[in-house]
Amino acid sequence: MNLPFTEDTVIFGLLALCLGFVFYTSSIKKGFWKKFYAVIPTVLMCYLLPSILASTGIIDEKGSQTYYIASRYLLPAALILMTLSIDLKAIANLGSKALIMFLTGTIGIIIGGPLAILIVSIFSPETVGGAGFDAVWRGLATIAGSWIGGGANQAAMLEVFQFNQEKYGGMVLIDIVVANIWMAIILLGVGKTKKIDAWFKADTSSIEELKAKVSEHTAKIARVTSLHDFMMLLLFAFAGVGLAHFFGHHIAGFLESNFEIIRNKEKALSSLGSKFLWMVVVATVFGIGLSFTKAKNYEGAGASKIGGVFIYILVATIGMKMNLSTVFENPGLILIGLIWITIHALLLILVAKLIKAPFFFLAVGSQANVGGAASAPVVAAEFHPSLTSVGILLAVFGYVVGTGGAYLCALLMEVAASM
């Protein structure tokens, strides 16, 4: 047996084994496993086990296409299936706190970068130094792009500030490691939502109303799923994925071809040229459109459950990308990232406490920034499938403000690095 495994067929089989193991053990309602999952959320284990496989050298994900397939095919399919029974009016009734928490998360990233540089420069100035295109602040600007928007915004910051690409891999590592550590903490918090909401003195009535309304509708239309139902869900999901890719590519191409402000990577609106962004938008719009038709009743055939399967596959591929053995390869830069995300977290907690926002808004508002469209729906769905659309909408908004916010953060980090 030759390790690490590099073939996607084998890697996907191991990821399926991880997911199956987690769901089997989490279904055991007595003894060790009951106590274990009372502390560690199921979704966190689905994320950690693949990362252990990567960290121990059992699998090598560098050439793997599993994340690409999960994010480009299964993610939009999941978005369609999980928004198919959406209630837009109920989401509107959630109020302004979701947007406030999202913007708080954005501000936390913008000010967190320069503050982290200032703190680390006190005892390790060489860590935040560098000259010309090797300057650390230039590399950190790409992380700001990723943490406010996503991959497109990250690429835009690399283009704008021309960081030395030979060192860019180290910044990607910080991005993945720190963002996933924070996501793990949020997922731990999901299991303690009631206690956190009680501490925030949050009014969760609108969230509970939405969850109850969707659950009531699902119960009313529930039925024994037939082959016909599965084939119709296949139609909705993957015909929608095809449309999302088709229109997403053409919309992005049209905007880049006709608008200099989008074609120019130095402009704040350049992220609107992202094919991934428009793919997510079109898939979401398609799912919402179905919610106004009789297709909404296919929620009773398990639409959101199938979407949940796709989401968990995505979770496993995200976890696989984090090699735990590399966490301390660049301790100084990792420290900057940890301080940065801590400032982001503390600001979110402070504002949530002040406005009495539910933990759901904190978690999804943060992930809509730091994780983007790949992880915000994952976190939202962990609270309840009916809340997935909130994560999607905020993540899309993150793409819009990502480049401008990251650009401002980069300028502040340049000032901080020169002090």
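Here is a friendly chat about a predicted model, taking in its core, its cavity, its salt bridges and a few single residues.

Q: Let's start with the core. Which residues touch the most other members of the largest nonpolar core?
A: Those are L140, W147, M171, W340 and F360, in a core of 136 residues.

Q: And which helix gives that core its largest share?
A: Helix 9, residues 168-190, with 13 residues in the core. As background, nonpolar side chains in soluble globular proteins tend to be buried together.

Q: Back to L140 for a second. What is it in contact with, leaving aside neighbours within four places in sequence?
A: L140 is in contact with I117, M171, I336, W340 and M413. Two of those names, M171 and W340, also came up among the core residues that touch the most other members.

Q: Okay, staying with helix 9: I see N180 there. Is N180 buried or exposed?
A: N180 is buried, with a relative accessible area of 7%.

Q: What does N180 touch, not counting residues up to four places away in sequence?
A: N180 touches Y47, I318 and M322.

Q: New topic, cavities. How many of 30 Å³ or more does the structure hold?
A: One. Its volume is about 50 Å³.

Q: Which residues are the closest to the centre of that cavity?
A: S85, I86, D87, V214 and S386, out of 11 residues that line the cavity.

Q: Which elements give two or more residues to the lining?
A: Helix 4 (66-83) and helix 11 (205-221).

Q: How does the lining divide into nonpolar, polar and charged?
A: The lining has six nonpolar residues, four polar and one charged.

Q: I was looking at L387 too. Where is it?
A: L387 sits in the loop between helix 18 (376-383) and helix 19 (388-417). Its relative accessibility is 0%, so L387 counts as buried.

Q: What is L387 in contact with, beyond its neighbours within four places in sequence?
A: L387 is in contact with I207, L210, K211, F360 and A380. F360 is one of the core residues mentioned earlier.

Q: How far is L387 from I86?
A: Their C-alpha atoms are separated by 8.7 Å, although L387 and I86 are 301 residues apart along the chain.

Q: Now charges. How many salt bridges does the structure hold?
A: Two. In general, side chains of opposite charge can pair when their charged atoms come close.

Q: Let's take D229. What is its partner?
A: D229 forms a salt bridge with R223, and the closest N and O atoms are 3.1 Å apart.

Q: Is D229 buried or exposed?
A: D229 is buried, at 5% relative accessible area. R223, on the other hand, counts as partly exposed at 36%.

Q: And what about E260, which residue does it pair with?
A: E260 forms a salt bridge with R263, with the closest N and O atoms 2.9 Å apart.

Q: How are E260 and R263 placed in helix 13?
A: E260 and R263 are three residues apart in helix 13 (residues 260-263), so about one helical turn separates them. E260 is partly exposed, with a relative accessible area of 46%, and R263 counts as partly exposed too, at 40%.

Q: Switching to backbone angles. What is phi of K201?
A: Phi of K201 is near 60°, a positive value in a residue other than glycine. That catches the eye because most residues other than glycine have a negative phi.

Q: Where is K201?
A: K201 is in the loop between helix 10 (193-200) and helix 11. K201 is exposed, with a relative accessible area of 59%.

Q: And K356, what is phi there?
A: Phi of K356 is near 55°, again a positive value in a residue other than glycine. K356 is found in the loop between helix 16 (331-355) and helix 17 (359-370), and counts as partly exposed at 41% relative accessibility.

Q: Last one, S26. Where is it found?
A: S26 is in helix 1, residues 8-26. At 15% relative accessibility, S26 counts as buried, since the cut-off for buried is under 20%.

Q: What is S26 in contact with, leaving aside neighbours within four places in sequence?
A: Y37 and T42. L94, by contrast, is 31 Å from S26 in space, C-alpha to C-alpha, and 68 residues from S26 in sequence.

Technical notes: Residues numbered from 1 in each chain as written. Predicted model: local features only at pLDDT ≥ 70, side-chain atom pairs only at ≥ 80, totals over all residues. Heavy atoms only, no water. 1 Å grid on protein atoms, 1.4 Å probe; cavity = no way out; pocket = protein on both sides within 12 Å on 5 of 7 lines; lining within 4 Å. Points joined across faces, edges and corners; volume = space filled by probe spheres on them. Helix = DSSP H or I, 4+ residues; strand = E, 2+ residues; numbered from the N terminus. Nonpolar A, V, L, I, M, F, W, Y, C, P; charged D, E, K, R; others polar. Buried < 20%, exposed > 50% of the residue type's maximum accessible area, 1.4 Å probe, protein only. Contact = heavy atoms within 4.5 Å. Core = buried A, V, L, I, M, F, W, Y, C linked by side-chain atoms within 4.5 Å. Salt bridge = Lys/Arg side-chain N within 4 Å of Asp/Glu carboxyl O.
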